[in-house]
Amino acid sequence: MGFDVAALRSCFPSLAGGTAHFDGPGGTQVPEAVGRAVAATLTAPISNRGSVTAAERLADETVLGARSAVADLLGVEPGGVVFGRSATALTFDLARTLAAGWGPGDEVVVTRLDHDANIRPWVVAAEAAGATVRWAAFDPATGELTADDVAAVLSDRTRLVAVTGASNLIGTRPPIEEIAGRVHAAGALLVVDGVHLTAHAPVDVPALGADAYLCSPYKFLGPHCGVLAADPALLETLHPAKLLPSSDAVPERYELGTLPYELLAGTTAAVDFLAALGDGGSRRERLVTAMTAIEEHEDRLRERLEAGLAGLPGVRLWSRAAHRTPTLLLTFEAGEAADAYRFLAARGVNAPAGSFYAIEASRWLGLGDTGGLRVGLAPYSDADDVDRLLAGLREWLAR
C-alpha cells in the first residue's frame with residue numbers, strides 16, 4: 001500500500017512555513033494531533049496515578065495507554081515498556097543496573113558504528129565494574145557491520161553486546177537477527193539502540209532477538225521522551241536503584257519519579273497517527289503496514305536523491321551499506337559541510353552538518369569530529385523537497 005503524502009503533510013503545522021526538512025534524524029516534525037494530545041493532557045484535571053479520583057484515573061489511563069501503544073509499535077508486551085527522560089538516560093540507568101553483576105574478567109562489546117548513547121554508558125559502567133570493553137569494527141569502505149565482525153570479539157566472558165539497529169550517521173542496518181544468534185550462543189545479552197531504526201521501518205523486537213530495545217518518540221513524530229522495551233521476565237531479575245516508597249513492580253521500578261503524562265499522551269497520539277496510515281484489523285497490523293509503506297516511500301525518495309547527487313561534481317556519499325535507512329552522509333571537495341549547511345538553511349532547506357553524536361563512526365570513516373552533511377528523509381518528505389535540496393547543493397557547488 002501507499003499513502004497520500006500531500007494529505008499527510010497537511011497534518012503538520014510546521015510544514016506550512018515552507019521549509020524542506022531533512023533534519024528528521026535529529027527529531028521529526030510533529031502532527032497537530034500530537035500537539036493537541038499533549039496540551040489536552042497537560043491542562044486536564046490530572047494527579048499522580050491512582051484509582052480513587054478522576055484525576056488519578058486519568059493519569060493511570062494515560063500511562064497504560066502509552067505502554068499499550070508502544071507495545072503495538074514494537075511488537076512487545078506492555079508490561080515490558082519503560083518510559084524515561086530520553087533513550088540516553090534509560091541506557092545509562094540500564095547499564096548501571098546490569099553492571100552491578102559484572103566484575104574483573106567480564107567483557108562488554110560495543111561497536112564503532114554506534115551513536116555514543118549506546119557506547120559511553122556501557123564503557124563507563126564496565127570501567128566502574130572493572131570489566132573489559134571490546135570493540136567491534138565496521139568496514140569503512142562499505143559501511144557494513146556484519147555478524148562476523150561482532151563474533152570476532154565475543155568470548156565465553158562476554159556479558160553484553162550493545163549494537164545499533166540503524167546508524168544515525170550513515171544509515172547502515174546491521175543484521176540484528178544474525179548478530180543476536182551469535183550473541184546468545186555466547187551466553188550474553190543483546191541491547192539494541194533502535195532510536196534511528198524505529199522511525200523508518202516496521203519493528204518486531206522479539207523477532208530481532210534483542211533482550212532490550214531503546215527508542216525515542218520524538219524521532220517518529222512524537223514528543224521528547226525515551227522508551228526501553230524488554231521482556232518483563234528479564235526486568236524482574238534486575239533491581240535498579242530507586243526510592244524506598246516507590247513501586248517495586250515491573251516496569252514501574254525502572255521509572256524514577258512521576259512520569260510526564262502529557263508526553264506519554266503525545267506518544268500514544270503519535271503511534272495512533274502512524275497506525276492511521278496503514279491497513280488491518282488491530283493497531284499492530286495497521287502499524288506494520290504503515291511502516292512498510294513509509295519505508296517504501298522513503299526508499300523511492302532516497303533513490304531519486306542519490307541519482308541527483310551522482311550528477312553533482314565533487315560530492316562523496318558515505319552511506320553505502322546494502323541495507324540502510326534513507327539517511328545520507330555527504331562530504332564535498334569544494335568546501336566544508338558546515339558551509340553547505342548554512343547555505344542551504346538560508347534557502348529554507350534544513351540539512352545539518354556534524355558527527356551527530358556518532359563520534360566513533362565519524363572518526364572510523366576518517367572524517368574526525370566534524371563529520372559531514374547529513375540528509376535524512378521522513379514520512380512527510382516529498383519529491384519537491386528532494387529537488388529543492390539538489391538545486392541548493394548545485395547552486396552552492398557552483399558559487
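**Exercise 1. Strand E8 and its partners**

Task: In this predicted model, determine how many bridges join strand E7 (residues 212-215) to E8 and whether the two run parallel or antiparallel, then work out how far E8 is enclosed by the rest of the structure.

Solution. Step one is the pairing with E7, where four bridges are found and the strands run antiparallel; within this pairing, Cys215 has Val227 of E8 as its bridge partner. Step two turns to strand E2 (residues 81-84), which is likewise joined to E8 by four bridges in an antiparallel arrangement, and here Val82 is matched with Leu228 of E8. Step three examines the directions of the side chains: Gly226, Leu228 and Ala230 point one way from E8, while Val227 and Ala229 point the other way, and all are buried. Step four draws the conclusion, namely that five of the five residues of strand E8 (residues 226-230) are buried, so the strand is largely enclosed by the rest of the structure.

**Exercise 2. Cys215 and Cys225**

Task: Establish how many disulfides a search of the whole structure finds, and explain why Cys225 is not bonded to the closest cysteine sulfur.

Solution. The search of the whole structure returns zero disulfides. For Cys215, which is in no disulfide, the nearest cysteine sulfur is that of Cys225, 8.9 Å away. Seen from the other side, the closest cysteine sulfur to that of Cys225 belongs to Cys215, and because the separation is 8.9 Å it is too far for a bond; the cut-off for a disulfide is a pair of sulfur atoms within 2.5 Å. As for their surroundings, Cys215 counts as buried at 0% relative accessibility, and Cys225 is also buried, with a relative accessible area of 2%.

**Exercise 3. Aromatic pairs across the sequence**

Task: State how many aromatic pairs a search of the whole structure finds, and for the pair of Trp102 and Trp122 decide which parts of the chain are tied together.

Solution. The search of the whole structure finds four aromatic pairs. One of them joins Trp102 and Trp122, with 6.4 Å centre to centre and 40 degrees between the planes, a geometry that is classed as tilted. Trp102 lies in the loop between helix H4 (87-99) and strand E3 (107-111), whereas Trp122 lies in helix H5 (residues 120-129), so this pair ties together parts that are 20 residues apart in sequence. Both Trp102 and Trp122 are buried.

A further pair consists of Phe332 and Trp396, which are edge-to-face at 5.0 Å centre to centre with 75 degrees between the planes; the class follows because an angle over 60 degrees counts as edge-to-face. Since Phe332 belongs to strand E10 (residues 327-332) and Trp396 to helix H14 (residues 383-397), the pair ties together parts that are 64 residues apart in sequence. Phe332 and Trp396 are buried as well. Finally, ring pairs link Phe12, Phe273 and Tyr380 into a cluster.

**Exercise 4. An open sheet and two charged ends**

Task: Give the strand order of the open sheet that contains E10, and find which ring lies beneath the charged end of Arg374.

Solution. The open sheet has four strands in the order E9-E10-E13-E12, with antiparallel pairing. Its edges are strand E9 (315-317) and strand E12 (353-354), each of which pairs on one side only. Inside the sheet, four bridges join E10 to strand E13 (residues 372-376), again antiparallel, and the bridge partner of Leu329 in E13 is Arg374. The charged end of Arg374 sits over the ring of Phe356, 3.7 Å from its centre, and the charged end of Arg347 is placed over the ring of Phe343, 3.5 Å from that ring's centre.

**Exercise 5. The surroundings of Thr111**

Task: Decide whether Thr111 is buried or exposed, and list what its side chain reaches.

Solution. Thr111 has its place in strand E3, and its relative accessible area of 0% makes it buried. Its side chain reaches the backbone nitrogen of Leu113 at 3.1 Å, and it also makes a polar contact with the side chain of Asp114 at 2.5 Å. Once neighbours within four places in sequence are left aside, the residues in contact with Thr111 are Ile119, Trp135, Ala136, Leu145, Ala162 and Val163.

Terms used: Residues numbered from 1 in each chain as written. Predicted model: local features only at pLDDT ≥ 70, side-chain atom pairs only at ≥ 80, totals over all residues. Heavy atoms only, no water. Phe/Tyr/Trp six-rings, centres within 6.5 Å; stacked < 30°, edge-to-face > 60°. Buried < 20%, exposed > 50% of the residue type's maximum accessible area, 1.4 Å probe, protein only. Lys NZ or Arg CZ within 6 Å of the ring centre and 35° of its normal. Polar contact = N/O pair within 3.5 Å; in protein donor to acceptor, adjacent residues only side chain to side chain. Contact = heavy atoms within 4.5 Å. Pairing = 2+ DSSP bridges.
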